[in-house]
Amino acid sequence: MSVLSATVAPYEGRSVCLFCASSDGADPAYLEAAREFGAATARVGWRLVYGGGGVGLMGASARAAHAADGRVVGIMPGFLRSRERLFDEVETVVVTSMHERKQLMYDNSDAFVVAPGGVGTLEEVVELLSWKRLDLHAKPIIFLNIKGFWDTFFTLVEHSVAEGMTPASFLQAYSVCDTVEEAIALMQQDHDGPVLRFDPR
């Protein structure tokens, strides 16, 4: 049964935020990894926090977690409800802006997993990495690098380091794994870091 609200219901357990594509045209391997990740979060007892859509990798992951009796909360701006087709069989929070969406996703998550995605996913994780670069949070950021999807992004980061734009220590700000199993292990291993609230406004 869906629960539509303006706030996220309290949750005593751990939560992982998944950033990923809302595209239905994605490689089947990416969609399968998203489904595997959603089901795995349910198996290990973590709540899945995600962008609220019922399409693409987002929808695949949320549906799999829900089908496995996991806790799921979707957070979506009202103006995207028709474009990303709200998956309202789970707790869903409808907000007014992208900023509010990202803030709630951050505040209600203990770790972040970044699966293949488009420019929206890239924007979300770059902001999160920037906050970490500024020592504003210490939550784990884990790239689920299916089929080497994020390799060119890592090359860009490494180029920024080589050119003296970013300190070499920044390369330790995130972890990279190739399988869902590794991602689940990393988020469980790293979840004991400080949980901080950061308001970028």
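Visitor: At what angle do helix α1 and helix α2 pack?
Guide: Happy to help, and please keep in mind that this is a predicted model. Helix α1 covers residues 28-43 and helix α2 covers residues 56-67. Their axes lie 7 Å apart, and α1 passes α2 in a right-handed crossing. The packing angle is about 35°.

Visitor: How many nonpolar residues does the contact of α1 with α2 have?
Guide: On the α1 side, the residues include Tyr30, Leu31, Ala34 and Phe37, and those they meet in α2 include Leu57, Ala60 and Ala64. Sorted by class, the contact of α1 with α2 also has 4 polar residues and 1 charged residue. The number of nonpolar residues is 10.

Visitor: Is Gly78 buried, exposed or partly exposed?
Guide: Gly78 sits in the loop between β4 (72-77) and β5 (91-95). Its relative accessibility is 30%. Buried would mean under 20% and exposed over 50%, so a residue in between gets the middle label. Gly78 is therefore partly exposed.

Visitor: Which residues does Gly78 touch, not counting those up to four places away in sequence?
Guide: Contact here means heavy atoms within 4.5 Å. Met98 is 20 residues along the chain from Gly78, with 9.6 Å between their C-alpha atoms. The residues that Gly78 touches are Val94 and Val95.

Visitor: What percentage of the chain's residues are buried?
Guide: The chain has 201 residues, with 6 helices and 8 strands. Its accessible surface comes to about 9,400 Å², and carbon and sulfur atoms account for 53% of that surface. As for the residues, the buried share is 52%.

Terms used. Residues are numbered from 1 along each chain as its sequence is written. This is a predicted model: local features need pLDDT of at least 70, side-chain atom pairs count only at pLDDT 80 or more; totals for chains, interfaces and linings use all residues. Side-chain values use heavy atoms; hydrogens and water are left out. Axes are lines fitted to C-alpha atoms, for helices over the stretch in contact, and angles run from 0 to 180 degrees between N-to-C directions. Helices (H or I, at least four residues) and strands (E, at least two) are DSSP runs, numbered from the N terminus. A crossing is left-handed if the near helix is turned anticlockwise from the far one by less than a right angle, and right-handed if clockwise. Ala, Val, Leu, Ile, Met, Phe, Trp, Tyr, Cys and Pro count as nonpolar, Asp, Glu, Lys and Arg as charged, and the others, Gly among them, as polar. Buried means under 20% relative accessible area, exposed over 50%, partly exposed in between (1.4 Å probe, protein chains only). Accessible areas come from the Shrake-Rupley method with a 1.4 Å probe; for residues, only the protein chains shown count as cover.
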